[in-house]
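Visitor: Could you choose a part of this model and look at it closely with me? I would like the fold around it described before the detail, in one connected account.

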Amino acid sequence: MGIFLDYWKMAFFNIRSNKVRAFLTMLGIIIGVSSVVAILSIGNGMSNFISGSLSSMAGSYFEVYTNGSKPITTRILDNTVEKFDSITGYSEVLAFKATAAGLKKEVEVKVESGNEMFKGKDSNEIIAGRYFDKSEYDLAKPVCVIDQNGAKEIFGREDVVGEFINMVAYGREFTAKVVGIRKAGSALQSMLFGGPKIKVEMPASFVNELFGMDPDSLYDVLLFVDDPENAVEMSVKAKQYIAAALNERGTDMVKSYELNSGIAQFSSILAGVTAFVMLVAAISLFVGGVGVMNIMLVSVTERTREIGIRKSLGAKTVSILWQFLIESGLISLTGGVIGIVLGYLFSFLISAIIKAAGSVTVLPEFNIVMILVVALFSMGIGIFFGWYPAKKAAKMTPIDALRM
Amino acid sequence: MNNDFLEIKDLKKSFGTGEARQDVLRGMNFTVKKGEFCVLLGPSGSGKSTLLNIIGGIDTPDEGYVSINGDKLEEMNEKQLTMYRRKHLGYVFQMYNLIPNLNVKENIEVGAYLSDKPLDVEEVLTTLGLQNHKYKYPSQLSGGQQQRVSIGRAVVKNPDILMCDEPTGALDYKTSKEILALIEDCNKKFGSTVIMVTHNEAIKYIADHVIKLRDGVVRHNDINEKKISAFELEWYPWMWHSKM
């Protein structure tokens with residue numbers, strides 16, 4: 001076994017005595033491995049982030065909406081709630097952009113309105129005050145719940161319960177009293193759902209009155225379920241039921257959207273993108289591997305005499321093979337380890353860039369399995385690409401090797 | 001049965017074809033006894049190195065055979081030849097051929113790993129006077145020191161046959177004598193059969209058995225009854241290429 005130690009030693013010394021050459025050879029592997037590590041860890045971080053910030057919202061409700069040609073009446077919705085035990089209630093959804101008068105300048109806000117159940121659409125809790133209640137909804141009171149960031153932007157502070165916000169939308173001015181503050185949502189939520197970052201929630205009854213709309217003609221509703229497990233099934237069933245009630249069975253006038261499937265879709269897109277970028281990174285690993293092969297061929301040529309000596313002393317073909325495989329494995333393993341470290345640093349850099357660009361905190365995620373797999377894979381590349389040169393060395397006859 | 005250890009029978013070898021064909025060995029015959037110090041003398045081109053390579057199992061003859069202890073090399077396959085080299089042979093090259101990335105001790109260990117019955121590495125280092133240099137690399141050693149390491153690498157295997165290809169060819173007078181004395185020591189101490197190729201005729205005085213080669217055949221095959229030790233040996237540079 002001692003000779004194995006010597007192979008490692010010889011490989012190490014040989015690499016050390018050709019530092020620049022070995023480094024340039026490793027460079028391909030380093031670039032490949034570091035990009036793979038960075039992509040994997042950021043990809044993992046992304047999907048963690050998405051499931052973390054979205055799945056808390058998912059499951060408690062689903063959305064049913066029409067293409068606008070026929071409204072859904074409250075009677076149909078009442079019947080739906082009655083028919084399906086799992087559906088606990090519904091809320092209309094009316095959302096529009098408005099301009100709010102802020103402390104220094106006008107601020108664009110997104111008004112979302114519904115009934116008191118609309119509170120459950122957002123998983124971020126109410127951190128001050130309360131949500132508007134049923135009586136305020138029934139009386140179409142001009143009250144609102146604003147999110148933390150919005151409070152800061154409009155008033156310059158967070159404790160704004162009891163304050164009034166003046167807003168303009170579609171040429172109509174209105175004033176709403178702040179009754180509650182909601183914790184700020186993650187940036188991804190506004191990124192995914194679009195629109196202004198500030199969210200103002202109001203009773204839909206007030207909005208209907210403001211714009212003179214029919215409170216019984218709904219185009220977009222949320223239906224709440226008792227158990228997240230039922231959300232997907234109910235979204236399908238309720239959609240069919242409502243479509244049937246509107247005489248639109250089998251057409252695509254009525255649609256439903258359930259956040260879990262949205263998350264799944266988003267995750268699969270993310271996985272696809274990650275896989276594609278990985279492929280690109282893998283190509284650079286392949287190129288790095290070819291570099292290893294090239295340098296090993298040079299090494300074999302340079303050390304032909306050494307091979308001859310060892311063979312004439314009685315070294316077996318397989319031990320020459322080992323000697324060179326260990327060397328190429330060591331080169332690419334070293335490159336792999338450096339690549340892992342660099343990839344680790346890169347991923348934090350990317351994370352910082354994402355944060356600076358979108359104020360989203362995506363923490364890169366590493367796990368030991370991933371690192372081991374990458375390290376073994378990079379060593380595997382060395383062995384794979386080192387095989388041909390090593391075989392070439394091992395096959396030399398001692399007399400030919402000594403003559404050179 | 002006689003006690004012939006190594007038998008060379010009708011060995012022929014040529015290189016090239018047609019016009020360029022060159023017969024290097026043209027039917028060579030001799031035997032060497034176990035434990036003998038045998039010197040193969042001959043000018044350049046007399047076939048010494050080719051013969052040594054064939055005995056070493058790294059080259060093959062066109063005709064004839066080499067047998068060791070009754071085993072013919074020609075009948076061995078690649079694996080058996082490797083095992084033969086590993087078990088029976090120690091090689092000392094003219095140009096030392098050490099592995100530059102390994103230090104003295106490690107270079108000798110390369111030989112030790114390849115043997116079933118290696119000598120103690122430390123003992124070999126002491127015998128060769130290399131104890132103080134064992135952690136040096138070949139590039140830090142003089143020619144004589146490098147040749148000692150090369151001898152160490154060969155004898156540590158405790159080989160039956162120690163093959164020396166012009167071991168003093170690149171060394172000065174004084175160092176050459178030291179190296180010869182060492183080989184002589186190994187021959188006595190470890191009982192290895194020594195086959196030394198040289199063109200330095202003076203060396204014949206320290207051998208048990210002197211075989212002179214010329215143009216691919218054995219010209220003289222003498223047993224030296226009055227052998228002297230390497231330290232008694234004297235020669236001068238102008239004698240090196242004296243006529244045979």
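Guide: In this predicted model, chain B has a radius of gyration of 17 Å, which agrees with the value near 18 Å that a compact globule of 244 residues would have. Its C-alpha trace spans about 50 × 45 × 40 Å along the principal axes, and its secondary structure comes to six helices and ten strands. Of the 244 residues in chain B, 57% are buried. One backbone detail in this chain is B:Glu166, a residue other than glycine whose phi is nevertheless positive, near 50°. B:Glu166 sits in the loop that leads from strand S7 (161-165) to helix H6 (173-190) of chain B, and it counts as buried because its relative accessible area is 7%, under the 20% cut-off.

Chain A gives another picture. It holds 13 helices and eleven strands, and its radius of gyration is 32 Å, well over the 22 Å that the globule rule gives for 404 residues, so chain A is more spread out than a compact globule. Its C-alpha atoms fill a box of roughly 100 × 50 × 35 Å along the principal axes, and buried residues make up 48% of the chain's 404 residues.

The part to look at closely is helix H11 of chain A, which covers residues 317-358. A:Leu345 has its place in this helix, as does A:Val341. Both belong to a nonpolar patch on the surface, whose other members include A:Val337, A:Ile338, A:Leu342, A:Tyr344 and A:Phe348, and which has about 1,000 Å² of accessible area together. An α-helix has 3.6 residues a turn, so residues three or four places apart point the same way. The patch also takes in A:Phe346, A:Leu349, A:Ile350, A:Ile353 and A:Leu363. A:Val341 itself is partly exposed, because its relative accessible area of 47% falls between the cut-offs of 20% and 50%. Although A:Val341 and A:Val33 are 308 residues apart along the chain, their C-alpha atoms are separated by 9.4 Å.

Helix H7 of chain A, residues 204-211, offers a contrast in burial: seven of its eight residues are buried, so this helix is largely enclosed by the rest of the structure. The buried residues of H7 in chain A are A:Ala204, A:Ser205, A:Phe206, A:Val207, A:Asn208, A:Leu210 and A:Phe211. Just after this helix, A:Gly212 takes a positive phi of about 65°.

Elsewhere in chain A the surface carries charge, for A:Asp85, A:Asp226, A:Asp227 and A:Glu229 gather in a patch of negative charge. A:Asp226 belongs to the loop that runs from strand S10 (220-225) to helix H8 (231-245) of chain A, where it is partly exposed, with a relative accessible area of 48%. In the loop between H8 and strand S11 (254-257) of chain A lies A:Asn247, a residue other than glycine with a positive phi, near 65°. With a relative accessible area of 68%, A:Asn247 is exposed, whereas B:Glu166, which also has a positive phi, is buried.

How values were computed: Residues are numbered from 1 along each chain as its sequence is written. Chains are lettered from A and ligands numbered from 1 in the order in which they are written. This is a predicted model: local features need pLDDT of at least 70, side-chain atom pairs count only at pLDDT 80 or more; totals for chains, interfaces and linings use all residues. Side-chain values use heavy atoms; hydrogens and water are left out. Patches are made of residues with over 30% relative accessible area and no salt bridge: like charges are joined within 9 Å, nonpolar side chains (Val, Leu, Ile, Met, Phe, Trp, Tyr) within 5 Å. Accessible areas come from the Shrake-Rupley method with a 1.4 Å probe; for residues, only the protein chains shown count as cover. A salt bridge is a side-chain nitrogen of Lys or Arg within 4 Å of a carboxyl oxygen of Asp or Glu. Lys and Arg count as positive and Asp and Glu as negative; His and the chain ends are not counted. The place of a charge is taken as NZ of Lys, CZ of Arg, CG of Asp or CD of Glu. Helices (H or I, at least four residues) and strands (E, at least two) are DSSP runs, numbered from the N terminus. Buried means under 20% relative accessible area, exposed over 50%, partly exposed in between (1.4 Å probe, protein chains only). The radius of gyration is taken over C-alpha atoms; the globule rule is 2.2 Å times the number of residues to the power 0.38.
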